Amino acid sequence: MDSKISDLSTASTSIRADIACFQVTVTDLDHCLTTFEDHLATLPQQDTELQFLRAMIMDLEDRSRRDNVSFFGIPEHKKGSDVKAFLKDFLPELTGLAFSPLLEFQRAHRISPLHKANLKQLRPIIRCFLCHKQARQVIFAARTQGPYSLEGYVIRMAADFSRETNEKWKAFLALRPH
């Protein structure tokens, strides 16, 4: 009997130790759960802050691109490889605008590399005007006069915006009544 009572006492002590260990584990889990719930409560605020920061970045990107105009449909190597000189001569003739002050811009270049396997696809040209007024004149002329033509190519001009803004415009135009 004494030996059985001793065995039961040992087993009881072992069970109490296991229960104490489980209680510590449950307490730790409760603490982790409380911390996790607190973190989840702050997520909507953080999401709102992230959305605000994304909107600010998109706005800054659009503002930095406001003097850019994209040209589509101009053939490759038209009047040589100097896109800047070509556009300086060609744009007043194409739009019929008399630019005052003289037409000036920082840079003009084609977008994306030229792939020899895909020579039929025309690469767009992006042009950054020095004078914001001139960029707006070109965009206004493109909207009012419609697409232009050069040696059988249809030439279009558009303001340059960030990808997110372009996606919003596309969604808006899809919903707009015709």
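1. Start with Val154. Val154 is exposed, because its relative accessible area is 52%, and the cut-off for exposed is over 50%. Val154 belongs to strand β5. Note that this is a predicted model, so every value here is computed from predicted atoms.

2. What does Val154 touch, leaving aside residues up to four places away in sequence? Its contacts are Phe72, Gly73, Pro147 and Tyr148. Gly73 deserves a second look. Val154 and Gly73 are 81 residues apart along the chain, yet their C-alpha atoms are separated by 5.7 Å.

3. Now compare Ser9. Ser9 sits in helix α1, which covers residues 2-64. Ser9 has a relative accessible area of 41%, so Ser9 is classed as partly exposed. How far apart are the C-alpha atoms of Ser9 and Ala108? They are separated by 90 Å, with the two positions 99 residues apart along the chain counted as their spacing.

4. Next, the core. The largest nonpolar core has 25 residues. Val69, Phe71, Leu87, Leu91, Val138 and Met157 have the most contacts inside it. Helices and strands both contribute. The elements giving two or more residues are β1 (68-72), α2 (83-95), β2 (105-110), β3 (125-129), α3 (132-145), β4 (148-150) and β5 (153-159). Which element gives the largest share of this core? That is α2, with 6 residues.

5. Take Val69 as a way into the core. Leaving out residues up to four places away in sequence, Val69 touches Ile125, Ile126, Arg127 and Phe129. Its contacts also include Ala135, Val138 and Ile139. Met157 and Ala158 complete the list. Val138 and Met157 appear again here, having been named among the core residues with the most contacts.

6. Ser70 is worth checking too. Ser70 lies in strand β1. Is Ser70 buried or exposed? Ser70 is buried, because its relative accessible area is 6% and buried means under 20%. Beyond residues up to four places away in sequence, Ser70 touches Ile125, Ile126, Arg156, Met157, Ala158 and Asp160. Val69 also has Ile125, Ile126, Met157 and Ala158 among its contacts.

7. Turn to the aromatic rings. The whole structure has 3 aromatic pairs. One of them joins Phe86 and Phe90, and this pair is stacked. The ring centres are 4.9 Å apart, with 10° between the planes. Both residues are buried. Phe86 and Phe90 lie 4 residues apart in helix α2, so about one helical turn separates them.

8. Another pair is Trp169 with Phe172. What is the angle between the planes of Trp169 and Phe172? The planes are at 80° and the centres are 5.9 Å apart, so this pair is edge-to-face. Both residues are in helix α4 (residues 163-175), and they are 3 residues apart, so the separation is about one helical turn. Trp169 counts as partly exposed because its relative accessibility is 45%. Phe172 also counts as partly exposed, at 45%.

9. Check the cysteines. How many disulfides does the structure hold? The count is 0. Cys131 is in no disulfide, and the nearest cysteine sulfur, that of Cys128, is 11 Å away. A disulfide needs sulfur atoms within 2.5 Å. Cys131 has 23% relative accessibility, so Cys131 counts as partly exposed. Cys32 is also partly exposed, because its relative accessibility is 48%.

10. Finish with the largest pocket. Its volume is about 720 Å³. The lining has 20 residues. Which of them lie nearest the centre of the pocket? They are Met157, Ala158, Ala159, Phe161 and Asn166. β1, α3, β5 and α4 each supply at least two residues of the lining. Met157 therefore has two roles in this note, because it lies near the pocket centre and is also named among the core residues with the most contacts.

Note on methods: Residues are numbered from 1 along each chain as its sequence is written. This is a predicted model: local features need pLDDT of at least 70, side-chain atom pairs count only at pLDDT 80 or more; totals for chains, interfaces and linings use all residues. Side-chain values use heavy atoms; hydrogens and water are left out. A nonpolar core is a set of buried Ala, Val, Leu, Ile, Met, Phe, Trp, Tyr and Cys residues joined through side-chain atoms within 4.5 Å. Buried means under 20% relative accessible area, exposed over 50%, partly exposed in between (1.4 Å probe, protein chains only). Contact means heavy atoms within 4.5 Å. Rings of Phe, Tyr and Trp (its six-membered ring) pair if their centres lie within 6.5 Å; planes under 30 degrees apart count as stacked, over 60 as edge-to-face and the rest as tilted. On a 1 Å grid over the protein atoms alone, a cavity is a set of points where a 1.4 Å probe fits but cannot get out, and a pocket is an open set with protein on both sides within 12 Å along at least five of seven lines; lining residues have an atom within 4 Å of a point. Grid points are joined across faces, edges and corners, and a volume is the space filled by probe spheres set on the points.
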